[in-house]
Amino acid sequence: MLDVKTTLQEAEERMQMAAMYLEDQLTHIRAGRANVAILDGVRVSSYGSMVPLNQVANVSAPDARTIAIRPWDRKAIRDIEKAIMDSDVGITPENNGEIIRLGIPQPTEERRRELVKQCNKIGEKTKIEVRNARTEIKDKLKKAIKDGLSEDLEKDAEESLQKLHDKYIKKIDALLEDKQKEIMTV
């Protein structure tokens, strides 16, 4: 017979993973403020293999408009610059022989609106995932009635499932709202 508690934990885990995915995706959206997370996907050729940028250099944001990259090996500056240019970061690096700087441009109003739309698309995908988790668990509960689960237990479990759903949808909305404020703030 179906264990209701385990099933609800499974649902919460899936919903939590969806919310974490959204948080991660939102950190990669450049909102006009320097954020070293935009360089997470950059891979640099180092001694014959491709490694993440933060494994060959110290990456920091000294101010709101600049990202500074200080390579541990000066010979790697060219490789780091090439990796940034080849990536989808969209910022041209400037180097002075020791440090590579990325100047984060102020996005235009139109670009900000595009970024908000992009965030909303990711948010909607996340909400769909939360709804899918709810639907699948609901179906499991309905099938469990045929296998001997009492209807009262099933109704209580469905209620708990709906509360979980509402909790994660609110969390997703809050994350999106915070990111939209960040993007639209000049």
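Me: In which helix is the place of aspartate 152?

Reply: This is a predicted model, in which local features need pLDDT of at least 70, side-chain atom pairs count only at pLDDT 80 or more, and totals for chains, interfaces and linings use all residues. Residues are numbered from 1 along each chain as its sequence is written, and side-chain values use heavy atoms, with hydrogens and water left out. Helices are DSSP runs of H or I with at least four residues, strands are runs of E with at least two, and both are numbered from the N terminus. Residues 151-184 form one such helix, and aspartate 152 lies within it: helix α4.

Me: Is aspartate 152 buried or exposed?

Reply: Buried means under 20% relative accessible area, exposed means over 50%, and partly exposed lies in between, with a 1.4 Å probe and protein chains only. Because its relative accessibility is 58%, aspartate 152 counts as exposed.

Me: How does methionine 184 count by relative accessibility?

Reply: Methionine 184 is also a residue of helix α4. Its relative accessibility is 31%, so methionine 184 counts as partly exposed.

Me: What separation do the C-alpha atoms of methionine 184 and alanine 19 have?

Reply: Along the chain, methionine 184 and alanine 19 are 165 residues apart. In the model, the separation of their C-alpha atoms is 22 Å.

Me: What is the pattern of the protein, read along the sequence?

Reply: The secondary structure consists of four helices and six strands. Following the sequence, these elements come in the order α-β-β-β-β-α-β-β-α-α.

Me: What share of the 186 residues of the protein counts as buried?

Reply: The C-alpha trace spans about 70 × 40 × 20 Å along its principal axes. Among the 186 residues, the share that counts as buried is 38%.
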